[in-house]
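User: I would like to go through a protein model and the molecule bound to it. Please keep the answers plain.

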Amino acid sequence: MAKLALVPTPIGNLEDITLRAIRYLKEADIIFAEDTRVTQKLLKHLGIQQKVISFHAHNEHRFLEKSVQIVEDSELAVLVSDAGTPAISDPGFLLVRACLQKNISIECLPGPSALIPAIVGSGFPCDKFIFEGFLPHKKGRQTRLKELSTEERTIIFYESPHKLVKTLAHFSEYFGEERAVSVSRELTKLFEETKRGTISEVLSYYTNKPPKGEIVIVVAGKK
Ligand code: SAM
């Protein structure tokens, strides 16, 4: 019976791959990857030779029917993204839904995702939280920030380094400059850093020291 497995991969530190993830990558009949070069590099590091085909945001819709057919024709198809858990701010959801509609079984292995170490390390409540991913850049951004300004649960955002200062300035405007925030950068990597404080403190820190690398912003909920 055909099965699609979603296999998380490291978000930086290659030691974070699980034994089961390695086994699935070895045993797969086919691996769908966001960027085949990134995945081939990981496979080379693991000493695995496998057939990898492209499944990324630009071809996700167009390639969907064909991908489901490929999954149906295999015993084990694996989907990976460049880093972390597929379908979390990455391609994957459409393929999972299309496979479920054809009664193909889905399995998602637990593994790395940037949002979990960021919230757990923030020191904010993690019993209830919401994951916002990337905020819209233009249309809908203000409306969403306004809606989130009364949110009582901890909120997690993904952001790129060159937009961090602008986004923190928006947070100051909508959530208030005294709201607590935790910015995690380069999680699991050599220059990992988490900066905690009020929005105004963290904003001034990154205004003076423009950040590089990958970023998760965790904002405390409204008291
Ligand atoms: N699927 C991934 C996951 O499970 O976390 C997320 C992919 S999304 C395209 C990439 C974003 O995730 C980055 O812009 C950043 O916000 C966050 N991210 C990924 N790796 C990270 C890391 N090592 N440190 C901090 N943030 C990271």
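Analyst: The model is predicted, and the questions below deal with its ligand and its pockets.

User: In which pocket does the ligand sit, and how much space lies there?

Analyst: The ligand sits in the largest pocket. The space in the largest pocket comes to about 460 Å³.

User: Which residues lie closest to the centre of the largest pocket?

Analyst: The largest pocket is lined by 25 residues. By class, ten of them are nonpolar, seven polar and eight charged. Strand 7, strand 8 (180-185) and strand 10 each give two or more residues to this lining. Closest to the centre are Ala-83, Ala-114, Phe-134, Tyr-158 and Glu-214.

User: Which residues come nearest to the ligand itself?

Analyst: The shell around the ligand has nine nonpolar, four polar and five charged residues. Strand 7 (154-159) and strand 10 (215-219) each supply at least two residues of this shell. Of the 18 residues around the ligand, the nearest are Ile-88, Asp-90, Ser-113, Tyr-158 and Ile-215.

User: How far is a nitrogen atom of the ligand from an N or O atom in the side chain of Asp-90?

Analyst: A polar contact needs two N or O atoms within 3.5 Å. For Asp-90, the pair joins a side-chain N or O atom to a nitrogen atom of the ligand, and the distance is 2.8 Å.

User: Which residue has a backbone N or O atom 2.9 Å from an oxygen atom of the ligand?

Analyst: Ile-88 uses a backbone N or O atom, but its partner is a nitrogen atom of the ligand, at 2.8 Å. The backbone atom that lies 2.9 Å from a ligand oxygen belongs to Ala-114.

User: What share of the ligand's exposed area does the protein bury?

Analyst: Taken alone, the ligand exposes 570 Å². Of that area, the protein buries 91%.

User: Which residues lie nearest the centre of the second largest pocket?

Analyst: The second largest pocket holds about 280 Å³ of space. Its lining divides into six nonpolar, five polar and two charged residues. Of the 13 lining residues, those nearest the centre are Leu-14, Val-38, Lys-41, Leu-42 and Asp-82.

Terms used
Residues are numbered from 1 along each chain as its sequence is written. This is a predicted model: local features need pLDDT of at least 70, side-chain atom pairs count only at pLDDT 80 or more; totals for chains, interfaces and linings use all residues. Side-chain values use heavy atoms; hydrogens and water are left out. A residue is near a molecule or strand if one of its heavy atoms lies within 4 Å of it. A polar contact is a pair of N or O atoms within 3.5 Å; within protein, one must be able to donate a hydrogen and the other to accept it, and residues adjacent in sequence count only if both atoms are side-chain atoms. Accessible areas come from the Shrake-Rupley method with a 1.4 Å probe; for residues, only the protein chains shown count as cover. On a 1 Å grid over the protein atoms alone, a cavity is a set of points where a 1.4 Å probe fits but cannot get out, and a pocket is an open set with protein on both sides within 12 Å along at least five of seven lines; lining residues have an atom within 4 Å of a point. A molecule sits in a cavity or pocket if more than half of its atoms lie within 2 Å of its grid points. Helices (H or I, at least four residues) and strands (E, at least two) are DSSP runs, numbered from the N terminus. Ala, Val, Leu, Ile, Met, Phe, Trp, Tyr, Cys and Pro count as nonpolar, Asp, Glu, Lys and Arg as charged, and the others, Gly among them, as polar. Grid points are joined across faces, edges and corners, and a volume is the space filled by probe spheres set on the points.
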